[in-house]
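Thanks for passing this one along. Here is a friendly note to read with the model open beside you.

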Amino acid sequence: MFGYVQILKPELKVKDYGTYHAFYCGLCERLKAKYGITGRITLTYDMTFLIMLLSSVYNIKCRQEKRHCIVHPVKKHRILYNEVTDYCADINILLSYYKCLDDKNDDGSFKGSTGALIYKKSALQAGAKYKRQAEAIKQSLEKLSVLEKGKSCNIMENASCFGSLLAELFIYKEDYFKTYLGSLGYYLGRYIYIMDAYDDLQEDIEHGRYNPFKNTFKEKHFEENTREMLLNEISAACSAFELLPCLSYIDILRNILYAGVWNRYDYIHAKKKEDKK
C-alpha cells in the first residue's frame with residue numbers, strides 16, 4: 001500500500017520481532033483465505049501496524065496457530081490474527097482496487113486496468129461491509145487525482161487528501177477513541193504522502209512526471225524544509241498515539257512510529273552521500 005510504516009528491526013527485541021512477524025503472517029493468511037492468491041499480493045507492512053494498533057487499543061485477543069506456507073515450506077511458523085486482521089484484509093483490498101482504478105482512469109495503464117478488473121468483485125463485497133471507509137477512499141483519491149492532474153504545487157493540500165483517507169481507515173468504531181485514532185491516521189497519512197513525493201522526486205524528474213516538489217527542489221533550504229515538514233507531521237501523529245490506551249505491543253508500535261517510519265528517508269540520504277563521494 002505505502003511501504004513506509006515499518007519496524008526498525010535492529011532496535012527491536014527478538015521476542016517483539018517474532019510477535020510483529022506473526023501478525024504480518026496472520027494478515028497474509030487471512031488475505032489468502034478471504035481473497036485467494038490475488039488477495040495475498042496486496043500484503044503490506046503498513047496494515048500490520050494498524051492491526052497491532054487497533055488490537056492494542058481495544059485489547060482484542062488473538063488466535064495463535066502454526067502453519068506451513070510458500071515462504072516457510074519446511075518448518076511451521078507462528079501466526080497471530082483476530083477480527084481486526086479481517087478488517088485490515090478487507091481495507092487492503094479496497095485500497096488496492098481504488099488505486100488500480102485511479103491508475104486506469106489517469107492514464108489507462110494496463111496494470112491499473114488489470115488490477116481494477118481483478119479486485120472489483122472483492123472490493124464490492126468489502127465496500128458493502130465498510131461503506132464509510134470505501135466512500136472515503138473513493139472521494140479522497142478522486143480529489144487527489146484532480147489536484148495532481150492540475151499539477152498542484154501545494155503539497156500540504158495534496159497530503160491532506162491522503163491524511164483524510166487514512167483517518168477514516170484508522171477509525172475502527174464510532175466511540176471515544178475515534179478522535180485520537182482519526183488524528184493519528186490523518187497526520188500519518190500526510191507524512192506518508194510527503195515522504196512518497198520526496199522518495200519519488202528524482203525518478204519523477206528524470207521521467208518528466210508530476211511531483212509536487214518539482215518547483216521547489218532547487219531551493220536553497222529544500223532539504224531542511226522537507227525534513228521539518230516530515231517532523232511536524234510525524235510528531236503530531238505520535239502525540240495522538242500517546243493519548244491512546246495502548247499497553248499491548250507498545251514497544252513495537254513506538255519502534256515503528258518513532259524510528260521505523262524514517263527507514264526510507266535515512267536510506268535516501270545515505271545514497272545521496274554515497275553518490276556525492
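The points below go from the overall fold to the charged side chains.

1. **What kind of model this is.** Please keep in mind that this is a predicted model. The values quoted in this note are therefore best read as computed from that prediction.

2. **Fold.** The protein has 10 helices and 2 strands. Going along the sequence, the order is α-α-β-β-α-α-α-α-α-α-α-α, so the two strands follow helices α1 and α2.

3. **Overall dimensions.** The radius of gyration is 19 Å, which agrees with the value near 19 Å that a compact globule of 277 residues would have. If you prefer to think in box dimensions, the C-alpha trace spans about 55 × 45 × 40 Å along the principal axes.

4. **Inside and surface.** Of the 277 residues, 49% are buried. The accessible surface is about 14,300 Å², and carbon and sulfur atoms account for 54% of that area. Contacts also reach across the sequence: among those between residues at least 6 apart, 71% join residues at least 24 apart.

5. **Charge balance.** The protein carries 41 positive and 35 negative charges. How far apart are their mean positions? The separation is 7 Å.

6. **Salt bridges in general.** Side chains of opposite charge can pair when their charged atoms come close. This structure holds 17 salt bridges, and three of the pairs are described in the next points.

7. **Arg67 and Glu29.** These two form a salt bridge whose closest N and O atoms are 3.1 Å apart. The pair joins distant parts of the chain, with Arg67 in strand β1 (residues 63-67) and Glu29 in helix α1 (residues 14-40), 38 residues apart. Are the two partners buried or exposed? Arg67 counts as partly exposed because its relative accessibility is 30%, whereas Glu29 has a relative accessible area of 11% and is therefore buried. Both residues also belong to a network of salt bridges that links Glu29, Arg40, Arg63, Glu65 and Arg67.

8. **Arg132 and Glu168.** Here the closest N and O atoms of the salt bridge are 2.7 Å apart. This pair, too, links distant parts of the chain: Arg132 sits in helix α5 (residues 131-149) and Glu168 in helix α6 (residues 155-170), with their positions 36 residues apart in the numbering. Arg132 has a relative accessible area of 28%, so this residue is partly exposed. Glu168, at 26%, is partly exposed as well.

9. **Glu203 and Arg209.** A salt bridge joins Glu203 to Arg209, with the closest N and O atoms 3.0 Å apart. Glu203 is partly exposed at 44% relative accessibility, and Arg209 is partly exposed with a relative accessible area of 36%.

10. **Asp102, a charge without a bridge.** Asp102 lies in helix α3 (residues 83-107). This residue is buried yet has no salt bridge. Why does Lys99 not count as a partner? Lys99 is the nearest side chain of opposite charge, but it is 5.6 Å away, and a salt bridge needs the nitrogen and the carboxyl oxygen to be within 4 Å. Leaving aside residues up to four places away in sequence, Asp102 touches Leu141 and Ser145. When you have the model on screen, Asp102 is one to look up alongside these two contacts.

Notes: Residues numbered from 1 in each chain as written. Predicted model: local features only at pLDDT ≥ 70, side-chain atom pairs only at ≥ 80, totals over all residues. Heavy atoms only, no water. Helix = DSSP H or I, 4+ residues; strand = E, 2+ residues; numbered from the N terminus. Rg over C-alpha atoms; globule rule 2.2 N^0.38 Å. Buried < 20%, exposed > 50% of the residue type's maximum accessible area, 1.4 Å probe, protein only. Contact = heavy atoms within 4.5 Å. Areas by Shrake-Rupley, 256 points an atom, 1.4 Å probe, with all protein chains shown as cover. Lys, Arg positive; Asp, Glu negative; His and termini not counted. Charge placed at Lys NZ, Arg CZ, Asp CG, Glu CD.
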